[in-house]
Amino acid sequence: MNVNAAEPLDALLSRVRACQLCAAHLPLGPRPVLQAHASARILIASQAPGRKVHASGIPFDDASGERLRAWMGVSRETFYDPRQVAILPMGFCYPGRGASGDLPPRPECAPAWRQQLRDHLPRVRLTLAIGHYALAWHLPKGYSRSGAGGALTDTVRQWPRHGSDLFPLPHPSPRNNGWLQRNPWFEAELLPPLRLHVAAALTGTEGTP
């Protein structure tokens with residue numbers, strides 16, 4: 001895809017929502033699900049929509065969304081206000097099911113659209129990189145998926161190393177309940193500063209909380 005710096009965000013979003021790039025590989029067909037506005041202060045970089053989100057067209061319209069909003073300490077109204085929160089999955093469409101859960105985000109999606117959309121979000125002060133694929137994209141030199149769960153755990157636990165404008169997070173899916181039980185430090189040590197950073201980004205407070 002060619003980047004058109006002069007293209008308004010609304011026009012870009014219309015092109016994204018009409019995308020057919022992966023149509024041949026999507027069992028339920030294309031339905032890009034995302035949320036963006038030029039005023040957004042927080043960017044949620046997630047994985048790909050699940051089947052329920054595909055049906056509703058609303059990002060994180062499931063148990064994962066409830067948990068993520070609790071982690072962030074924000075209301076549903078704030079979360080779904082595109083002027084405050086942008087939600088850009090690594091794959092915009094439901095990829096289908098595999099042997100052990102949903103398939104990975106389609107690899108064509110992020111290279112085609114991600115940087116174009118990010119260039120239209122000049123006010124973002126905090127990015128939440130959720131799960132393996134988002135971490136690999138946003139931390140290309142500091143994350144290796146070859147370590148699977150160990151790489152994710154190490155990256156999340158060392159969150160201060162990534163600066164005050166990016167938080168690495170596990171996926172909030174109920175499928176990760178076991179990970180959360182094995183890593184009680186996550187709720188005790190990471191969630192309090194995460195909520196402070198979220199609040200600061202939303203209010204425009206300068207400096208690190």
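Begin the tour at the largest pocket, which holds about 1,100 Å³ of space; keep in mind throughout that this is a predicted model. Its lining is made up of 41 residues, and if you select Gln47, Asp102, His171, Ser173 and Arg175, you will have the ones that lie nearest the centre of the pocket. To see which parts of the fold come together here, colour helix H2 (51–56), helix H3 (63–72), strand S3 (97–98), strand S4 (101–102), helix H6 (131–138), helix H7 (149–157) and helix H8 (177–182), since each of these elements gives two or more residues to the lining of the largest pocket. If you then colour the lining of the largest pocket by residue class, you should find 20 nonpolar, 13 polar and eight charged residues.

From that set, select Ser173, one of the residues nearest the centre of the largest pocket. Ser173 sits in the loop that runs between strand S6 (166–169) and H8. Is Ser173 buried or exposed? With a relative accessible area of 14%, Ser173 is buried, because a residue counts as buried when that value is under 20%. Show the residues around Ser173 as well: apart from neighbours within four places in sequence, Ser173 is in contact with Ser64 and Arg67.

Next, move to Ile130, which belongs to strand S5 (residues 126–130). The relative accessibility of Ile130 is 0%, and therefore Ile130 counts as buried. Which residues does Ile130 touch, once those up to four places away in sequence are set aside? Select Ile44, Ala45, Ser46, Gln47, Phe60, Leu68, Leu169, Pro170, His171 and Pro172, and you have the answer. Two of these names, Gln47 and His171, were among the residues nearest the centre of the largest pocket. For a distance across the fold, draw a line from the C-alpha atom of Ile130 to that of Thr155, which is 25 residues away along the chain, and the separation comes to 11 Å.

Phe60, which is among the residues that Ile130 touches, is a good place to stop next. Phe60 lies in the loop between H2 and H3, and its relative accessibility of 8% means that Phe60 counts as buried. Look at the backbone here too, for Phe60 has a positive phi of about 55° although it is not a glycine.

Now leave the pocket and look for enclosed space inside the protein. How many cavities of 30 Å³ or more does a search of the whole structure find? The search finds one, and the largest cavity has a volume of about 120 Å³. Of the 14 residues that line the largest cavity, select Cys19, Cys22, Leu26, Cys93 and Cys109, which are the closest to its centre. By class, the lining of the largest cavity divides into 11 nonpolar residues, two polar residues and one charged residue.

With several cysteines now on the screen, it is natural to ask about bonds between them. A disulfide is a covalent bond between the sulfur atoms of two cysteines. A pair counts as a disulfide here when the two sulfur atoms are within 2.5 Å, and by this rule the count comes to zero. Cys19 is in no disulfide, since the nearest cysteine sulfur, that of Cys22, is 6.2 Å away. Cys109 is likewise in no disulfide, and the nearest cysteine sulfur, again that of Cys22, is 6.1 Å away. Cys19 counts as buried, at 16% relative accessibility, and Cys109 counts as buried at 8%.

Keep Cys19 selected and add Arg31, which is 12 residues from Cys19 in sequence and 8.4 Å from it in space, C-alpha to C-alpha. Arg31 lies in the loop between helix H1 (9–17) and strand S1 (42–45), and with a relative accessible area of 35%, Arg31 is partly exposed. Leaving aside neighbours within four places in sequence, show His54, Ala55, Ser56, Gly57, Phe92 and Cys93, with which Arg31 is in contact. Follow the side chain of Arg31 to the backbone oxygen of His54, which is reached at 2.8 Å, and then to the backbone oxygen of Ala55, which is also reached at 2.8 Å.

Finish at Ser164, in the loop between H7 and S6. Ser164 is partly exposed, with a relative accessible area of 37%. A last line, drawn from the C-alpha of Ser164 to that of Trp185, spans 19 Å, and the two residues are 21 apart in sequence.

Conventions:
Residues numbered from 1 in each chain as written. Predicted model: local features only at pLDDT ≥ 70, side-chain atom pairs only at ≥ 80, totals over all residues. Heavy atoms only, no water. Buried < 20%, exposed > 50% of the residue type's maximum accessible area, 1.4 Å probe, protein only. 1 Å grid on protein atoms, 1.4 Å probe; cavity = no way out; pocket = protein on both sides within 12 Å on 5 of 7 lines; lining within 4 Å. Points joined across faces, edges and corners; volume = space filled by probe spheres on them. Helix = DSSP H or I, 4+ residues; strand = E, 2+ residues; numbered from the N terminus. Nonpolar A, V, L, I, M, F, W, Y, C, P; charged D, E, K, R; others polar. Contact = heavy atoms within 4.5 Å. Polar contact = N/O pair within 3.5 Å; in protein donor to acceptor, adjacent residues only side chain to side chain.
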